[in-house]
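Visitor: Hi! I'm new to this one. Could you walk me through it?
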Amino acid sequence: GRQIAEQCTRLGINVNFAPTVDVNNEPNNPVIGYRSFGEDPDNVARKGAAYALALQNNGVLPSMKHFPGHGNTKTDSHHALPVIKNSLEEIEKIELLPFQYLIDNGVKGVMVGHLYFPALEPIENQSSSLSRNIVTDLLKNKMNYDGLIFTDGLEMKGAYNGIDPDSVCYQTLMAGNDVMLLPINVEASMKIIIDAAKNNPETRTRVEESCRKVLRHKYQLGLNKYQDRHLER
């Protein structure tokens with residue numbers, strides 16, 4: 001973690017979308033596999049925290065992923081919306097355990113995956129990245145997470161699963177996400193949010209909340225003080 005943070009810093013990279021703290025409890029998972037620290041939640045939690053905090057303590061913001069957990073599926077969310085049918089008790093003991101451990105140890109970056117958890121979201125086939133129940137009620141309120149929240153790439157089919165891709169950014173913002181990655185049409189997505197913010201106080205409040213969080217983390221990473229990055233010869 002320290003070595004990667006050092007090299008990221010020399011390259012001017014201040015956010016690393018890692019570690020993967022998904023518990024790889026499905027051997028045929030097509031997308032997680034050896035990106036995970038394994039199938040034991042406690043082992044994943046300990047190693048994930050060590051790696052994430054080494055990044056964070058050396059000036060690079062980590063992003064634990066893919067909340068609430070992408071391990072127990074045979075579906076790749078790049079191509080379709082995975083469905084995780086675990087019970088709430090199983091989710092709390094397995095999928096959420098590493099995330100809660102990292103949150104309790106002060107990790108300040110998370111990435112929300114495009115996943116459907118029937119036990120957590122009553123709307124059928126609602127992606128976790130678009131779910132206020134999961135992003136705000138569970139992650140922010142119940143698990144007491146106050147760091148930056150990134151979406152997984154919004155060009156992935158699991159994100160817009162049957163809905164207008166241009167509206168996805170707005171829906172993820174209102175769910176509680178702070179930074180929306182890789183929307184299919186940036187200009188159209190921004191226009192929807194800007195128009196809503198002009199007319200809807202709730203949208204304006206969400207934009208301001210996320211803006212303050214992004215600025216706060218930039219200051220915490222020292223990005224308000226320009227440093228010339230050059231490679232030593």
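Guide: Happy to! Let's begin inside the sheet, where Met111 stands opposite Phe150 of strand E3. Keep in mind that this is a predicted model.

Visitor: How does the chain get from E2 to E3?
Guide: The chain crosses from E2 to E3 through helix H4, residues 132-142. That β-α-β crossover is right-handed.

Visitor: And which elements make a β-α-β unit with E1?
Guide: Helix H3, residues 88-104, and E2 join E1 in a right-handed β-α-β unit.

Visitor: Okay, what order do the strands have in the sheet?
Guide: The order is E1-E2-E3, in an open sheet of three strands with parallel pairing.

Visitor: Which strands stand at the edges?
Guide: Those are E1 (64-67) and E3 (148-151). Each has a single partner strand, so one side of each is left without a neighbour in the sheet.

Visitor: What does the twist average?
Guide: From one strand to the next, the twist averages 30°.

Visitor: How many bridges are there between E2 and E3?
Guide: Four bridges link E2, residues 109-112, with E3 in the parallel sense. Besides the Met111 and Phe150 pair, Gly109 stands opposite Leu148 in E3.

Visitor: And how many bridges join E1 to E2?
Guide: Two bridges join E1 to E2, and these strands run parallel. Met64 has Val110 of E2 as its bridge partner.

Visitor: What holds paired strands together, in general?
Guide: Strands of a sheet pair through backbone hydrogen bonds, either parallel or antiparallel.

Visitor: Which way do the E2 residues point?
Guide: Gly109 and Met111 point one way, while Val110 and Val112 point the other way. All of them are buried. As a general pattern, side chains in a regular strand alternate between the two faces of the sheet.

Visitor: Switching to helices. At what angle do H6 and H8 cross?
Guide: Roughly 75°, and the axes of H6 (residues 168-175) and H8 (residues 201-220) come within 9 Å. H6 and H8 are therefore roughly perpendicular to each other.

Visitor: Which residues meet there?
Guide: From H6 there are Tyr170, Leu173 and Met174, and they meet Glu202, Thr203, Arg206, Val207 and Ser210 in H8. By class, the contact of H6 with H8 has four nonpolar, two polar and two charged residues.

Visitor: What about H6 and H7, how do they pack?
Guide: H6 and H7 (residues 186-199) pack at an angle of about 50°, and their axes are 8 Å apart. The two helices are therefore oblique to each other.

Visitor: Who makes that contact?
Guide: On the H6 side, Cys169, Tyr170 and Leu173 take part, and on the H7 side, Ser189, Ile192, Ile193 and Ala196 do. By class, the contact of H6 with H7 has six nonpolar, one polar and no charged residues. Tyr170 and Leu173 of H6 also turn up in the contact with H8.

Visitor: Now the loops. Where is Glu26 found?
Guide: Glu26 sits in the loop between helix H1 (2-10) and helix H2 (41-56).

Visitor: Is Glu26 buried or exposed, and why?
Guide: Glu26 counts as buried because its relative accessibility is 14%, and buried means under 20%. Leaving out residues up to four places away in sequence, Glu26 touches Gly71, Asn72, Thr73 and Lys74.

Visitor: Which residues does a cis peptide bond join?
Guide: One joins Ala18 and Pro19, with omega about 10°. Pro19 is in the loop between H1 and H2, where Glu26 is found too. The peptide bond from Lys65 to His66 is also cis, with omega near 0°, and His66 lies in strand E1.

Visitor: What about phi, which residue has a positive value although it is not a glycine?
Guide: Asn125 is one of them, with a phi of about 60°. Asn125 lies in the loop between E2 and H4. At 37% relative accessibility, Asn125 counts as partly exposed.

Visitor: And what is phi for Leu182?
Guide: Phi of Leu182 is near 55°, again a positive value in a residue other than glycine. Leu182 has its place in the loop between H6 and H7.

Visitor: Is Leu182 buried or exposed?
Guide: Exposed, because Leu182 has 55% relative accessibility and exposed means over 50%.

Definitions and conventions: Residues are numbered from 1 along each chain as its sequence is written. This is a predicted model: local features need pLDDT of at least 70, side-chain atom pairs count only at pLDDT 80 or more; totals for chains, interfaces and linings use all residues. Side-chain values use heavy atoms; hydrogens and water are left out. Axes are lines fitted to C-alpha atoms, for helices over the stretch in contact, and angles run from 0 to 180 degrees between N-to-C directions. Angles under 35 degrees count as roughly parallel, over 145 as roughly antiparallel, 65 to 115 as roughly perpendicular and the rest as oblique. Contact means heavy atoms within 4.5 Å. Ala, Val, Leu, Ile, Met, Phe, Trp, Tyr, Cys and Pro count as nonpolar, Asp, Glu, Lys and Arg as charged, and the others, Gly among them, as polar. Two strands pair if DSSP finds at least two bridges between them. Buried means under 20% relative accessible area, exposed over 50%, partly exposed in between (1.4 Å probe, protein chains only). A crossover is right-handed if, with the strands pointing away from the viewer, the path from the first strand over the helix to the second runs clockwise.
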